[in-house]
Amino acid sequence: MSPLIPLSGALVSLVFTILITPFVIRRAWAWQCLDKPDAERKRHRLPTPTMGGIAIVLGSLVGGLYLFGLTFATEVALAAPPLGVWAGALVIIAAGVFDDL
């Protein structure tokens, strides 16, 4: 397998994440999902949008789906992560979203 195949998946993920991040930030402002500063723990002065992790998760998902689709379009076989890895990732994503809201 060429090392360019996983690299192409990472590139798709990166580009998609960069493109979707402004949309996620606008949604965070519209839905008032903001981290508001306080005098004790926060260093920022203005409200800061949360939910940036959602853009990263979506970018990773798109990159993974790209690689998954690539395995069907070509004869390249990529190793799939075990079910436990996907379950752990889902728990981490849920905790991040819960923390942001």
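Helices (H or I, at least four residues) and strands (E, at least two) are DSSP runs, numbered from the N terminus. The structure shown is a predicted model, in which local features need pLDDT of at least 70, side-chain atom pairs count only at pLDDT 80 or more, and totals for chains, interfaces and linings use all residues. Residues are numbered from 1 along each chain as its sequence is written, and side-chain values use heavy atoms, with hydrogens and water left out.

**The whole chain**

Begin with the entire protein, coloured by secondary structure. It has 3 helices and 2 strands, and their order from the N terminus is α-β-β-α-α. Of its 101 residues, 16% are buried; buried means under 20% relative accessible area, exposed means over 50%, and partly exposed lies in between (1.4 Å probe, protein chains only). The protein exposes about 7,700 Å², of which carbon and sulfur atoms supply 72%. Such areas come from the Shrake-Rupley method with a 1.4 Å probe, and for residues only the protein chains shown count as cover.

**Helix α2: Gly52**

Select Gly52, which belongs to helix α2 (residues 52-73). Gly52 is partly exposed, because its relative accessible area is 41%. Next, add Val24: the two residues are 28 apart in sequence, and their C-alpha atoms are 6.8 Å apart in space.

**Helix α1: Ser13**

Now select Ser13, in helix α1. Is Ser13 buried or exposed? With a relative accessible area of 14%, Ser13 is buried. Leaving aside neighbours within four places in sequence, Ser13 is in contact (heavy atoms within 4.5 Å) with Gly59, Ser60 and Gly63. Show the side chain of Ser13 as sticks: one of its polar atoms lies 2.9 Å from the backbone oxygen of Gly59.

**Helix α1: Leu19 and its patch**

Stay in helix α1 (residues 4-30) and select Leu19. Leu19 is exposed, because its relative accessible area is 63%. Extend the selection to Leu11, Leu14, Val15 and Ile18, which together with Leu19 make a nonpolar surface patch of about 500 Å².

**The loop before β1: Cys33**

Finally, select Cys33 in the loop between α1 and β1 (34-35). Cys33 is buried, with a relative accessible area of 11%. Which residues does Cys33 touch, not counting those up to four places away in sequence? They are Ala28, Thr48, Pro49, Thr50, Met51 and Leu101. Add Asp100 to the selection: Cys33 and Asp100 are 67 residues apart along the chain, while their C-alpha atoms are separated by 7.2 Å.

How values were computed:
Patch = residues over 30% accessible without salt bridge, like charges linked within 9 Å, V, L, I, M, F, W, Y side chains within 5 Å. Salt bridge = Lys/Arg side-chain N within 4 Å of Asp/Glu carboxyl O. Polar contact = N/O pair within 3.5 Å; in protein donor to acceptor, adjacent residues only side chain to side chain.
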